[in-house]
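Please work through the following exercises with the sequence and the model at hand. Each task is followed by a stepwise solution.

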Amino acid sequence: MSRTVETEVLVIGGGGAGCSTALHLALRGAKVVLLERGLVGSQASGANYGGVRQQGRHPAELPIAQRSHAIWRDMPRLLGTDCEFVATGHLKLARSAADETDLVAYLDVARDFQLPVRFLDRATLHRDYPWLGPSIVAASFAPEDGSANPRLLSPALAQAARAAGATIREQIRVTACRKDGAQFVVEAGEAIFRAEILVNTAGFWGGQVAEWFDEPVPVKPHTPNMGVTEPIPYFIRPNIGVAGGGIYLRQIPRGNVIFGGGRGSGDPAVPFSRATPEATLAAMRKAVEIVPTLAGVSVIRSWSGIDGMMPDAIPVVGPSSTTPGLFHAFGFSGHGFQLGPAIGAILSELVLDGRTDVPLEELSIRRFQHSP
């Protein structure tokens, strides 16, 4: 016979967004249970590159990113750890005139959101960063951005959530969800969970949760391919991105260079993911093009994780369009690590207050619903 667990709010998915949601709800006195099929942070939230950036985001994401930036700076008070967040600045590089035009155009977006970003022409860029390769023609620099350790965030949020009174259940897979009158009924493991509020922060698998409530979305599995080098003398201080994508890299003070580019392979049904040699080698070549000094440096580890990719590369965030009491936040398309802390705060407001000051209209799940 299945055991029944009653709670006020049930959260499915223990990545950064889910653990932050559990924390912010518990801090406000809500009775909350979080269910995670593996260990907290075991997929996209813990297996990513660790970029904590606002620059380059879609305007629909920027209000969330800015709110999250304030939370990242408050981590030591909120969690008792900074999760190794360092505001090294984010340097976005242009390798062509078209890329340079895109960077200049984004300055208007940054200005609209009061985001400090400054443009660096070729002469200034190579003077300030002489280790960059000759193919780099310009860049934009966001001094408030940086990086953190993705392996630390979700466990720290989960620990703080437990301390605030939340229940975090790991190694428990949700197999079915439905609405029964005023309550959601969720089958997971050997138990049945019942709650008046359901929060879907299940990453790629959030699409299945939405489908259970007649809200199918075209989410696809995304397996970003990443690697890390042996330690070398520390000289790359900013977090580096590239206009047009394809490569990103940063160096930690210990000397290791963390880089990413391309896609690994994986199977969400297992779930299982891994880096591929082809993608890793291609990313290594691009890294050397950007920073020629990296030629000959050994790569000591590569990895991947499973995230949800949306067709428009921005997440689903907000209330369900079909089911009162259901809230979504999934499909972060490979760039949700920085957003996770604020997503939890925003969802707690939607659940407990029925509103949030952060605009979410462009991120609504309704954008994938078409009238016949």
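The exercises below treat a pocket, the nonpolar cores, aromatic pairs and backbone geometry.

The model is predicted: local features need pLDDT of at least 70, side-chain atom pairs count only at pLDDT 80 or more, and totals for chains, interfaces and linings use all residues. Residues are numbered from 1 along each chain as its sequence is written, and side-chain values use heavy atoms, with hydrogens and water left out.

**Exercise 1. Describe the lining of the second largest pocket by residue, element and class.**

Step 1. Fix the term: on a 1 Å grid over the protein atoms alone, a pocket is an open set of points where a 1.4 Å probe fits, with protein on both sides within 12 Å along at least five of seven lines, and lining residues have an atom within 4 Å of a point. Grid points are joined across faces, edges and corners, and a volume is the space filled by probe spheres set on the points.

Step 2. The space in the second largest pocket amounts to about 380 Å³. Its lining comprises 23 residues, and those nearest the centre are Glu-84, Asn-149, Arg-250, Ile-252 and Ile-258.

Step 3. Assign elements, where helices (H or I, at least four residues) and strands (E, at least two) are DSSP runs numbered from the N terminus. At least two lining residues come from each of helix 6 (150-163), strand 15 (248-251) and strand 19 (299-303).

Step 4. Sort by class: Ala, Val, Leu, Ile, Met, Phe, Trp, Tyr, Cys and Pro count as nonpolar, Asp, Glu, Lys and Arg as charged, and the others, Gly among them, as polar. The lining then divides into 11 nonpolar, 7 polar and 5 charged residues.

**Exercise 2. Identify which residues of the largest nonpolar core touch the most other members, and which helix gives the most to this core.**

Step 1. A nonpolar core is a set of buried Ala, Val, Leu, Ile, Met, Phe, Trp, Tyr and Cys residues joined through side-chain atoms within 4.5 Å. Buried means under 20% relative accessible area, exposed over 50%, and partly exposed in between (1.4 Å probe, protein chains only).

Step 2. The largest nonpolar core has 51 residues, and the members that touch the most others are Val-9, Val-32, Ile-64, Trp-72, Leu-79, Ile-343 and Leu-360. Helix 9 (residues 340-353) gives the most to this core, namely 7 residues.

Step 3. Take Ile-64 and list its contacts (heavy atoms within 4.5 Å). Residues up to four places away in sequence being excluded, Ile-64 touches Leu-339, Ala-342, Ile-343, Ile-346, Val-358, Leu-360 and Leu-363.

Step 4. Another core, of 30 residues, lies apart from the largest one; Leu-35, Val-174, Ile-306 and Ile-365 are among its members.

**Exercise 3. Classify the ring pairs Trp-72 with Phe-85 and Phe-184 with Phe-213.**

Step 1. Rings of Phe, Tyr and Trp (its six-membered ring) pair if their centres lie within 6.5 Å; planes under 30 degrees apart count as stacked, over 60 as edge-to-face and the rest as tilted. This rule yields 7 aromatic pairs.

Step 2. The ring centres of Trp-72 and Phe-85 are 5.7 Å apart and the planes meet at 45°, so this pair is tilted. Because Trp-72 belongs to helix 2 (residues 62-73) and Phe-85 to the loop between helix 3 (75-79) and strand 4 (90-94), the pair ties together parts 13 residues apart in sequence. Trp-72 is buried at 1% relative accessibility, and Phe-85 is buried at 11%.

Step 3. Phe-184 and Phe-213 are edge-to-face, with 5.6 Å centre to centre and 75° between the planes. Phe-184 lies in strand 10 (residues 183-188) and Phe-213 in the loop between helix 7 (206-212) and strand 12 (220-222), 29 residues apart.

Step 4. Trp-72, Phe-85 and Phe-337 form one aromatic cluster.

**Exercise 4. Determine whether Cys-83 and Asp-214 are buried or exposed, and give the phi of Cys-83 and of Asp-214.**

Step 1. Most residues other than glycine have a negative phi, and most peptide bonds are trans.

Step 2. Cys-83, in the loop between helix 3 and strand 4, has a positive phi near 55°. Its relative accessible area is 0%, so Cys-83 is buried.

Step 3. Asp-214, in the loop between helix 7 and strand 12, has a positive phi near 60°. Its relative accessible area is 64%, so Asp-214 is exposed.

Step 4. The peptide bond from Val-270 to Pro-271 is cis, with omega near -15°. Pro-271 sits in the loop between strand 17 (265-267) and strand 18 (272-274).
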